[in-house]
Amino acid sequence: MAKDLQGIGFSDLKSPLFFAWHMTNKCNLNCIHCLWESGPQAAWPDELAEQEAMEVCRQVMELQIPYVALSGGEPLLYPAFWRVCESFSKNGVDIKIESNGHPIDGESARRLASLKLRSVQISVDGASQETYSMMRAGAKLEKALNAIKELVKHGVTTEIIYVPAKFNSHEAERLIDMAAELGVKAFYTGKTMYIGRAVRNWDTIGLSEEENEELSRRLERKAEEYRNRMAILFYPYSVVEELKYRLEYPAASLLLMANGKVKLIGSMPFVCGDVRRHSLAEIWQRYIKAWERPEVIKYVNSVTETPSLLARANDFVDLGF
Ligand SMILES: C[S@@+](CC[C@H](N)C(=O)[O-])C[C@H]1O[C@@H](n2cnc3c(N)ncnc32)[C@H](O)[C@@H]1O
């Protein structure tokens with residue numbers, strides 16, 4: 001595993017720098033690209049109860065992890081969402097929230113604005129109702145845009161995440177112009193991940209390498225146009241490219257799933273701990289060792305050869321140590 005120029009690697013850290021929390025697998029939407037296969041009926045029966053979630057918060061604070069990202073599913077549907085946010089906020093932990101915006105109205109925007117937020121990221125996959133609802137059946141673009149308006153009105157740093165697909169990529173520039181007008185601070189996109197429901201719908205969604213490159217070049221021009229006003233970023237790595245990189249440079253982060261299991265990364269099935277059985281401090285030490293396990297190295301090599309093996313990503317495979 002690689003170290004940086006000062007000879008410091010992630011394994012020298014006493015605790016992670018970042019904590020990603022998939023709070024619930026339940027979602028009000030049923031997106032065709034969803035990497036987690038979330039949906040209205042997709043909550044897991046063994047999701048963490050409120051008391052367990054509060055214990056996780058206590059340990060995050062004890063380990064002095066400075067930054068958490070709350071996602072799902074739709075994180076605002078998680079019953080303990082507000083208690084978790086308020087607990088982190090009171091104790092100086094920075095929060096990022098990923099939401100489809102549907103549950104955010106004026107009152108919840110006001111409540112969010114009172115938290116210690118780095119940002120709220122609203123997913124908007126299209127500049128027209130037609131394309132947006134091709135990705136997110138039954139969803140209303142107007143609701144996502146209203147959530148953005150309310151958040152901006154209440155002074156929350158608001159960002160857009162846009163997932164490109166064959167049917168919406170022509171609208172990227174229009175959406176960026178709309179975002180700027182709404183007061184959005186950043187527009188993030190990148191290669192759509194070949195995991196979960198996206199695999200089954202790849203013929204409808206998946207852009208070719210050339211199409212991704214073309215979109216990335218168009219967005220560079222947009223980034224130039226909006227320089228100093230709004231950040232516009234295209235993450236250029238596919239799932240497999242990112243996995244190969246992570247094998248050498250694991251992130252200093254943990255990914256807690258709604259059932260208490262902690263995964264190495266969303267695109268692998270491997271579990272290095274369970275908050276119902278291990279402390280976060282123990283899980284961090286297991287995470288460091290896990291990246292050197294032969295199963296993990298073999299998986300990355302196998303998906304490099306055969307990307308369809310990524311279909312296993314949403315399994316839970318305990319590394320059993
Ligand atoms: C899984 S969602 C959960 C939060 C919330 N329900 C939402 O829709 O934003 C978090 C982000 O992941 C993105 N996402 C889902 N599946 C993806 C995929 N296959 N590739 C890239 N991004 C994906 C969503 O569009 C969203 O921006």
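A residue is termed buried if 20 or more other C-beta atoms lie within 10 Å of its own, and exposed if 12 or fewer do. In this predicted model, that criterion separates two sides of helix H11, which spans residues 280–290. Leu-280, Ile-283, Trp-284, Tyr-287 and Ala-290 are the buried residues of H11. Because these residues cover an arc of only 125 degrees around the axis, they lie on the same side of H11. Ala-281 and Lys-289, on the other side of the helix, are exposed. In an α-helix there are 3.6 residues a turn, so residues three or four places apart point the same way. The cover over the buried residues of H11 includes helices H1 (50–62) and H12 (294–305), together with strands S8 (253–256), S9 (261–263) and S10 (270–274).

Strands S8, S9 and S10 belong to an open sheet of eleven strands with mixed pairing, arranged in the order S7-S6-S5-S4-S3-S2-S1-S8-S9-S10-S11. The edges are formed by strand S7 (231–235) and strand S11 (317–318); each has a single partner strand, so one side of each is left without a neighbour in the sheet. Elsewhere in the sheet, strand S3 (residues 94–99) pairs with strand S4 (residues 117–123) in the parallel sense, over five bridges. Within this pair, Lys-96 is positioned opposite Ser-119 of S4.

The ligand is surrounded by 18 residues, of which Asn-100, Ser-123, Ile-161, Met-193 and Ala-198 are the closest. Classified by residue type, the shell around the ligand comprises nine nonpolar, seven polar and two charged residues. Ser-123, one of the closest residues to the ligand, falls within the range of strand S4.

Definitions and conventions. Residues are numbered from 1 along each chain as its sequence is written. This is a predicted model: local features need pLDDT of at least 70, side-chain atom pairs count only at pLDDT 80 or more; totals for chains, interfaces and linings use all residues. A residue is near a molecule or strand if its C-beta atom, placed from the backbone, lies within 6 Å of it. Ala, Val, Leu, Ile, Met, Phe, Trp, Tyr, Cys and Pro count as nonpolar, Asp, Glu, Lys and Arg as charged, and the others, Gly among them, as polar. Two strands pair if DSSP finds at least two bridges between them. Helices (H or I, at least four residues) and strands (E, at least two) are DSSP runs, numbered from the N terminus. The arc is that of the directions from the helix axis to the C-beta atoms. Two residues are in contact if their C-beta atoms, placed from the backbone, lie within 7 Å.
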